[in-house]
Amino acid sequence: MEKEKRSRTKLVPLPSRALVPDRDAARDPVLECINLGITLGGIKAVEDFNFTVGRTEIAGLIGPNGAGKTTVFNLLTKVYQPTTGTILLNGRDTHGMNTMQVNKAGIARTFQNIRLFKNLSVADNVKAAMNNDMRYNMLNAILRTPAYRREEIAAHRRALKLLSIFDMQDIADVRAGSLPYGAQRRLEIVRALATNPSLLLLDEPAAGMNPSETAELMDSIRKVHEMFQIAIVLIEHDMSLVMNICEGICVLNFGHIIAKGTPDDIQSNPAVIEAYLGRNREAK
């Protein structure tokens, strides 16, 4: 995919000295990681991770194989509990939260390996993510009461509206497992959006895609960002995608941050070139 010519977002410092897009400078960050770390099996997988994401920023998290990128996502979503440090989501400390609670608080994610309910329909996959918003109880569902039917109709309409973002509304009744690979990736993003996140984490969204599919994905991410005005952080090994879509980039190596900055800063950073870009073009 050829590098696109587009204007770069200006990053400006907050009082904490973290850099965010200038449009987010007057608003509190959506995410602040302060001295975050975790020890796994006696090894410090992530250490002193300080990372701030602006309210509507598209940020990238990159680095060589085993750098700790997915571990960071697992910390943010409480798959792992941090050994040290603090995570602030919309200014709220997530200490003690579990995965479900942090999702309700505003973080949604996709996974490197697709995790759809493959035997359910496309629409039902999306509606499954709306469970937190459903107001009927189990008895309503068993008896198929009017309250249950109203909720289900509203959920289906919302699912179709979300699917229409990627022109997938016409395949709402298709079994998710029968979709082409790229469509399954897009469905994962739609399902994540159904939880009403303020921060969307995408773990290698372009994995397994050809250049044409990757270009389409980049347009889709931009469309989601424009429509929902949410923050997006992506782990990705396709450097063309990262450099063209991300506004700020954080580079990990052996669990430590070695560089932060704009795409232009990262591409010219000697430490990054030595540890990653100049030696191995795979991010994981």
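**A walk from the sheet to the core**

Let's begin with four strands that make up an open sheet, arranged in the order 4-3-6-7 with antiparallel pairing. At the edges sit strand 4 (43-53) and strand 7, each of which pairs on one side only. Keep in mind as you look around that this is a predicted model.

Now move inward to strand 3 (residues 31-40) and strand 6 (residues 84-89). These two run antiparallel and are joined by five bridges. You can follow the pairing by picking out partners: Leu-31 has Leu-89 of strand 6 as its bridge partner, while Gly-37 is matched with Thr-84, also in strand 6. Trace these pairs in the picture and you will see what antiparallel means in practice: as you go from Leu-31 to Gly-37, the partners go from Leu-89 to Thr-84.

Strand 6 also pairs with strand 7 (residues 92-93), again in the antiparallel sense, over two bridges. One of the partnerships here links Leu-88 with Asp-93 in strand 7. How many residues lie between strand 6 and strand 7 in their hairpin? There are two, and Asn-90 in the turn has a positive phi of about 55°.

A helix keeps the sheet company. Helix 1 (residues 69-76) lies across strand 3, strand 4 and strand 6, and runs at about 110° to strand 3.

Next, let's visit the interior. The largest nonpolar core has 49 residues, and Val-126, Leu-187 and Leu-200 are those with the most contacts inside it. Helix 6 (residues 181-193) supplies the largest share of this core, with six residues. Another core lies apart from it, made of 28 residues, including Phe-73, Val-102, Leu-199 and Ala-231.

Helix 6 deserves a pause. Is this helix largely enclosed or open to the outside? Twelve of its 13 residues are buried, so helix 6 is largely enclosed by the rest of the structure. The buried residues include Gly-182, Gln-184, Arg-185, Glu-188 and Leu-193. You can also check the length of helix 6 for yourself: at 1.5 Å a residue, its 13 residues should span 18 Å, and the end C-alpha atoms are 19 Å apart, which agrees.

Finally, zoom in on Leu-187, one of the buried residues of helix 6. Which residues does Leu-187 touch, once neighbours within four places in sequence are left aside? Its contacts are Leu-116, Val-122, Asn-125, Val-126, Leu-163, Met-168, Ala-176 and Leu-179. Val-126 may look familiar: along with Leu-187, it is among the residues with the most contacts inside the largest core.

Conventions. Residues are numbered from 1 along each chain as its sequence is written. This is a predicted model: local features need pLDDT of at least 70, side-chain atom pairs count only at pLDDT 80 or more; totals for chains, interfaces and linings use all residues. Side-chain values use heavy atoms; hydrogens and water are left out. Two strands pair if DSSP finds at least two bridges between them. A nonpolar core is a set of buried Ala, Val, Leu, Ile, Met, Phe, Trp, Tyr and Cys residues joined through side-chain atoms within 4.5 Å. Buried means under 20% relative accessible area, exposed over 50%, partly exposed in between (1.4 Å probe, protein chains only). Contact means heavy atoms within 4.5 Å. The expected span of a helix is 1.5 Å times one less than its number of residues. Axes are lines fitted to C-alpha atoms, for helices over the stretch in contact, and angles run from 0 to 180 degrees between N-to-C directions.
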